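Visitor: I am new to this structure. Please take me closely through one part, the place where chain A and chain B touch.

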Amino acid sequence: MDWPAFALSLRLAAATVLVLLPLGVLVGRWMAVRRFRGRAVIEALLALPLVLPPTVLGYFLLVGFGNASPLGQAWMAALGHSLVFSFEGLLFASVLVNLPFAIQPMQRSFEAIPGDLREAAAASGLSPWQVLWRIELPLAWPGILTGLVLSFAHTLGEFGVVLMVGGSIPGETRTISIAIYDRVQAFDFAAAEIMSLTLLAMSLLALGLAHALSGRVAPRV
Amino acid sequence: MGLVFQSYALFPHMTALGNVVAAMGHRPRAERQAAARDLLARMGLAGLEDRRPAQLSGGQQQRVAVARALAREPRVLLLDEPFAALDRRTRRSLHAELRALRAAIRVPILLVTHDLDEARDLADLLCVIDQGETLQTAPPHEVLAAPTGDRIRRALDLD
């Protein structure tokens, strides 16, 4: 068992979820409530990571924030190391890849809140911030949690993108799914099996949790 | 203006008391609970404060919605077709409740309805609006006995 890789995967998954919580709530609610031109385009873009081969996404990310790109150079100037092949780069990629996993369940749960509930809250003198905090979040939490659980599990298992933008640097970018691949390449099936079983158990747990949560959609009046 | 929605739009995750307290943001925090209890009691809901909307009957939900609207201390209470989605019997019993409510509170009530019988039953003053235009404002029996024009006759289907 490659503990540093396992710990790194957990750290990456936790950081990804931490970034996606505010981002997903914001974007998910926005997509659920607003009707605007170009909505379909944005929805398609947000869902793109679901269908795009991870290597393709990884390639574009490499080009997009590699050391030759403006973003990569700005990062280098500000922090003194490159964005690709670093934990931060990995986190950036992981957040992008997980956007649909986080946003879609959150968006669905915000859509399930009847519109006149928002109006009634506003008519009751609640500020937009209070409406979100006291009415919408308590009703949408199962969807929000589902999005986070799915993102967490998906980050643990992500392989293609992580390999493309992270390489396999021990302690920095070698996650558990890459460690499994390395072990298999080295014909160390015993180690690969333990790690695979661990991921299998965690994925099952996450799906079970997400499934249990989706049964608890917002109650209607 | 206090607003009562057609579907009542109660906050489903809050108790009856919570729904009313939520609309009392303009009052000092210490007063809210007692004031909300008092309002609910005046609506005949004493003892039901801790129920969620799903555990209340339609009529009780409507009274919670009215209590929540009154919590803002409005100068007018607007009921937007509160009986539209109900069957005849429930509607009749809610009409009785509304009459009792009207006697209990001093706030004028503006009731929007498409049902002439309902308007005749409940209103002190009937205001006929057709395509955004006010046609006649008078006590119901006057409007019905002496409509002021053909358009009213047509709008109310009196012919």
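**Where chain A touches chain B**

Guide: The rule finds 0 salt bridges across the interface of chain A and chain B (a side-chain nitrogen of Lys or Arg within 4 Å of a carboxyl oxygen of Asp or Glu). This is a predicted model: local features need pLDDT of at least 70, side-chain atom pairs count only at pLDDT 80 or more, and totals for chains, interfaces and linings use all residues. Residues are numbered from 1 along each chain as its sequence is written, chains are lettered from A and ligands numbered from 1 in the order written, and side-chain values use heavy atoms, leaving out hydrogens and water.

Contact here means heavy atoms within 4.5 Å. By that rule, 15 residues of chain A meet 15 residues of chain B. The area buried between the two chains is about 1300 Å² (accessible area, 1.4 Å probe, lost on being put together, summed over both parts). Carbon and sulfur atoms give 69% of that area.

Now the elements. Helices are DSSP runs of H or I, at least four residues, numbered from the N terminus. On the side of chain A that touches chain B, H6(A) supplies the largest share, 6 residues.

Look at one residue, A:Ile135. Leaving out residues up to four places away in sequence, A:Ile135 touches B:Phe11, B:His13 and B:Met14, among others. Its contacts also include A:Ala121, A:Leu126 and A:Gln130.

Technical notes: Helix = DSSP H or I, 4+ residues; strand = E, 2+ residues; numbered from the N terminus.
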